Amino acid sequence: MSKLFEPITLRGMTARNRVWLAPMCQYSSVDGVPDDWHLVHLGARATGGFGLVMTEASAVVPEGRISPQDAGIWNDEQAEAWRRVVEFVHGQGAPIGAQLAHAGRKASTYRPWDPRTGTVPSVDGGWETVAPSDLPFEGYAAPAALTVDQVAEVVRAFAEAARRAVSVGFDTVEIHAAHGYLLHQFLSPLSNRRDDDYGGSFENRTRLVLEVVDAVRAELPDSAPLLVRISGTDWIDGGWDLEQSRRLGVLLKEHGVDLVDVSSGGNAPASIPLEPGYQVPLSAGVRAGGIATGAVGLITDPEQAEKILANGEADVVLLARAALREPAWPLRAAHELGVPFEDAPWPDQYLRGRWR
Ligand SMILES: Cc1cc2nc3c(=O)[nH]c(=O)nc-3n(C[C@H](O)[C@H](O)[C@H](O)COP(=O)(O)O)c2cc1C
């Protein structure tokens, strides 16, 4: 029996298998509105058999976009545009999650294939960024430190985005607290130098994430699971680390989070030991605290994915780049792991393409 193709239930949501599509920015929206590109991109991975499809980081406020071309969910027009994607993915038998994001001091950047680097100036559609403290990310403009009132507005924006996500049929939301974006900036002592209730101690640095979690949880029906993506470590001495992540995982569970999606890095340049499954030990470490986890990062091989689950290092795996190369990765994985095709997530339309 393949663990990868065993369904998983979180609250009232069941995913048909444990290989999920990781959130991936497409930098292809005008005014934050998802369009045909998003339908085809996410739709292809749903027909390709992913157990759950996650949207790209969708900004909860315009200034929370990584680039001016990011998707958003800060207004009803954007939410309604997501509805078509949600309905198509549901039609393929997969639940879909919205990743809710605020990029903080890493906002207002050029999309990756633009040759320009650094912060986009206002004449090119950029904006002034915000963060816990006025420390810039290397190579970017200095952000303005958020006031306490502005912090409360951030919490409200995440909650309103969650309400919109639920209203158009998303099954779950994932709060993006990883990769050096705003919530991670609050967690890490490298970027958070505040001396008020949101900075200093572990309790203070985790306060905003927990406030966002509580506000978002309150907008979700009890049946909808809540996911949080974190960076398990900054990979820098004196930064955010696995021990703090494990402690945060325990708190997240107490606050009604169902699964922590464990990535790493992104808050400051660091030397990262890139190798297959390099973030899996971080997932295992957070899971040891008692909360379900997702492992992500250089998971490319079906046997490798199967082993991560069999070893109890994660409850699900998420694939990003491998899914760009191969939208139907799960269908091949099912074949290679010996799952009978009747139990594999083949769309009827594609059955004639199955391996025999
Ligand atoms: C094109 C691209 C866009 C990405 N956008 C996001 C994003 O919106 N949110 C996020 O949390 N991670 C994002 N990531 C990171 C992936 O979700 C994933 O964590 C990372 O690529 C490592 O997994 P992989 O080795 O399977 O690619 C992105 C990665 C890629 C390649």
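**Close-up views of the ligand site, pockets and cavity**

**View 1. Polar contacts of the ligand in the predicted model.** A nitrogen atom of the ligand has a polar side-chain atom of Gln 99 at 2.8 Å. Two further contacts involve oxygen atoms of the ligand: Arg 321 places a polar side-chain atom 2.6 Å from an oxygen atom, and a polar side-chain atom of His 176 lies 3.1 Å from an oxygen atom. The ligand taken alone exposes 600 Å², and 83% of that area is buried by the protein.

**View 2. The shell of residues around the ligand.** The ligand is surrounded by 16 residues, of which Pro 23, Cys 25, Gln 99, Leu 298 and Arg 321 come nearest. Two of these names recur from the preceding view, Gln 99 through its contact with a nitrogen atom and Arg 321 through its contact with an oxygen atom. By class, the shell comprises 9 nonpolar, 4 polar and 3 charged residues.

**View 3. The largest pocket, in which the ligand sits.** This pocket encloses about 1,100 Å³ of space. Its lining consists of 43 residues, with Pro 23, Tyr 27, His 179, Tyr 181 and Arg 321 nearest the centre. The class composition of this lining is 22 nonpolar, 14 polar and 7 charged residues. Strand E12 (316-319) and helix H10 (321-325) each contribute at least two lining residues; the greatest contribution, 4 residues, is that of H10.

**View 4. The second largest pocket, with a volume of about 160 Å³.** The lining is formed by Met 1, Ser 2, Phe 5 and Glu 6, together with Leu 337, Gly 338, Val 339, Pro 340 and Asp 343. Of these lining residues, 5 are nonpolar, 2 polar and 2 charged.

**View 5. The largest cavity, with about 40 Å³ of space.** The model contains 1 cavity of 30 Å³ or more. Its lining residues are Ala 57, Ser 58, Ala 59, Gly 64, Ile 66, Asp 70, Ala 101, His 102, Ala 103, His 176 and Tyr 181. Strand E4 (residues 53-59) provides the largest share of this lining, with 3 residues. The lining divides into 6 nonpolar, 4 polar and 1 charged residues. Two lining residues also appear in earlier views: His 176 lines the cavity and has a polar side-chain atom 3.1 Å from an oxygen atom of the ligand, while Tyr 181 lines the cavity and is among the residues nearest the centre of the largest pocket.

Definitions and conventions
Residues are numbered from 1 along each chain as its sequence is written. This is a predicted model: local features need pLDDT of at least 70, side-chain atom pairs count only at pLDDT 80 or more; totals for chains, interfaces and linings use all residues. Side-chain values use heavy atoms; hydrogens and water are left out. A residue is near a molecule or strand if one of its heavy atoms lies within 4 Å of it. A polar contact is a pair of N or O atoms within 3.5 Å; within protein, one must be able to donate a hydrogen and the other to accept it, and residues adjacent in sequence count only if both atoms are side-chain atoms. Accessible areas come from the Shrake-Rupley method with a 1.4 Å probe; for residues, only the protein chains shown count as cover. On a 1 Å grid over the protein atoms alone, a cavity is a set of points where a 1.4 Å probe fits but cannot get out, and a pocket is an open set with protein on both sides within 12 Å along at least five of seven lines; lining residues have an atom within 4 Å of a point. A molecule sits in a cavity or pocket if more than half of its atoms lie within 2 Å of its grid points. Ala, Val, Leu, Ile, Met, Phe, Trp, Tyr, Cys and Pro count as nonpolar, Asp, Glu, Lys and Arg as charged, and the others, Gly among them, as polar. Grid points are joined across faces, edges and corners, and a volume is the space filled by probe spheres set on the points.
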